[in-house]
Amino acid sequence: SESTSPYKRILLKLSGEALMGEGKYGIHPPTLTRIAEEIAELSQAGIELAVVIGGGNIFRGVAGATEGMDRASADYMGMLATCINSMAMQDALEKQGLKTRVQSAIKMEQIAEPYIRRRAVRHLEKGRVVIFAAGTGNPYFTTDTAASLRAMEINAQVILKATKVDGVYNADPKKDPTARRYRTLTYMDVLKQNLNVMDSTAISLCMDNKLPIIVFDLGTRGNIHRAVMGQQGEFGTVV
Ligand code: UDP
């Protein structure tokens with residue numbers, strides 16, 4: 001796949017749940033390997049790749065708060081969950097022969113570099129895949145917002161938002177057979193109709209900085225590649 005991609009540098013946002021495979025919790029190693037293979041294919045095609053991974057397969061702050069925990073404490077636990085996922089992804093990517101770095105928004109020197117923007121950009125220029133761990137480092141935020149923020153900071157041309165459905169629908173396609181996929185949407189459509197793309201903070205950030213988002217289904221092998229090679233409209237939803 002010689003780089004016919006319109007994008008030179010992309011930020012891939014994976015939810016924690018993407019790593020669960022068919023499981024209900026945690027990390028499913030074969031799924032992790034499959035995603036790593038797809039990332040390796042892009043990296044080997046010369047595309048600079050940064051990855052933000054969520055933590056929802058392990059812990060979500062809101063869930064902790066519902067159980068009576070202090071919300072900020074629970075959110076920090078959620079951020080630590082993203083670090084576990086980031087290390088798992090780093091391992092899987094290295095098994096594919098890629099050079100990688102994890103940069104964490106919360107310092108943990110023994111296992112990850114601290115987040116340093118210029119250093120992250122340098123890694124990307126050298127062809128290393130950079131995994132951003134611990135979200136934004138702040139409670140009350142999400143890894144979607146971290147993805148938008150980091151994408152802007154590293155001058156990524158697009159956010160690839162991996163989900164379980166192939167784009168954004170006007171109803172739940174699993175429940176409603178007449179549900180239709182949007183090929184394109186404006187940021188305002190997403191915000192006003194409260195469409196399930198990313199949370200509103202993340203969308204606003206993208207809107208203010210004109211950063212496009214491609215929503216696609218990670219479940220089908222080869223979809224990351226398809227999303228990057230710009231079969232837009234035919235595939236997923238572009239915001
Ligand atoms: N989190 C946070 N600040 C951030 C990013 C994440 O507090 O900047 C916490 C929050 O509690 C969240 C959890 O980490 O529930 C896991 O992240 P997220 O829910 O975004 O993961 P995903 O849904 O993508 O798996």
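Asp-75 counts as buried because 24 C-beta neighbours lie inside 10 Å, and the cut-off for that label is 20 or more. This is a predicted model. Asp-75 is found in helix α3. Leaving aside neighbours within four places in sequence, Asp-75 is in contact with Gly-61, Pro-139 and Tyr-140.

**The annotated site**

Asp-75 is one of the residues under the UniProt annotation "binding site", which comes from an unreviewed entry. The record also lists Gly-55, Thr-136, Gly-137, Asn-138, Pro-139, Tyr-140, Phe-141, Thr-142 and Thr-143. These positions are spread over 89 residues of sequence. In space they cluster, with a largest C-alpha distance of 14.1 Å.

Phe-141 is another annotated residue. Phe-141 is found in the loop between β5 (129-133) and α5. Is Phe-141 buried or exposed? Phe-141 counts as buried, because 20 C-beta neighbours lie inside 10 Å. Phe-141 touches Gly-135, Thr-136, Ala-146 and Thr-201, not counting residues up to four places away in sequence.

The two residues compare as follows.

| Residue | Location | C-beta neighbours inside 10 Å | Contacts beyond four places in sequence |
|---|---|---|---|
| Asp-75 | helix α3 | 24 neighbours | Gly-61, Pro-139, Tyr-140 |
| Phe-141 | loop between β5 and α5 | 20 neighbours | Gly-135, Thr-136, Ala-146, Thr-201 |

**The ligand shell**

How many residues surround the ligand? The count is 23. The closest are Gly-54, Gly-56, Gly-61, Gly-78 and Gly-135. Three elements give two or more residues to this shell: α2 (61-66), α3 (71-95) and α5 (143-153). Helix α3 gives the most, with five residues. By class, the shell divides into 13 polar, six nonpolar and four charged residues.

**Helix α3**

Helix α3 has 25 residues. From its first C-alpha to its last it reaches 37 Å, close to the 36 Å expected at 1.5 Å a residue. Just after α3, Gly-97 takes a positive phi of about 85 degrees.

**The whole chain**

The chain has eight helices and ten strands. Its radius of gyration is 17 Å, close to the 18 Å that the globule rule gives for 239 residues, so the chain is as compact as a globular protein of that length. Along its principal axes, the C-alpha trace spans about 50 × 50 × 35 Å. Of the 239 residues, 43% count as buried. Contacts reach far along the sequence: among those between residues at least 6 apart, 70% join residues at least 24 apart.

Note on methods:
Residues numbered from 1 in each chain as written. Predicted model: local features only at pLDDT ≥ 70, side-chain atom pairs only at ≥ 80, totals over all residues. Near = placed C-beta within 6 Å. Nonpolar A, V, L, I, M, F, W, Y, C, P; charged D, E, K, R; others polar. Expected span 1.5 Å × (residues − 1). UniProt positions renumbered as here; feature names shortened; annotations may be inferred. Buried ≥ 20, exposed ≤ 12 C-beta atoms within 10 Å, placed from the backbone. Contact = placed C-beta atoms within 7 Å. Rg over C-alpha atoms; globule rule 2.2 N^0.38 Å.
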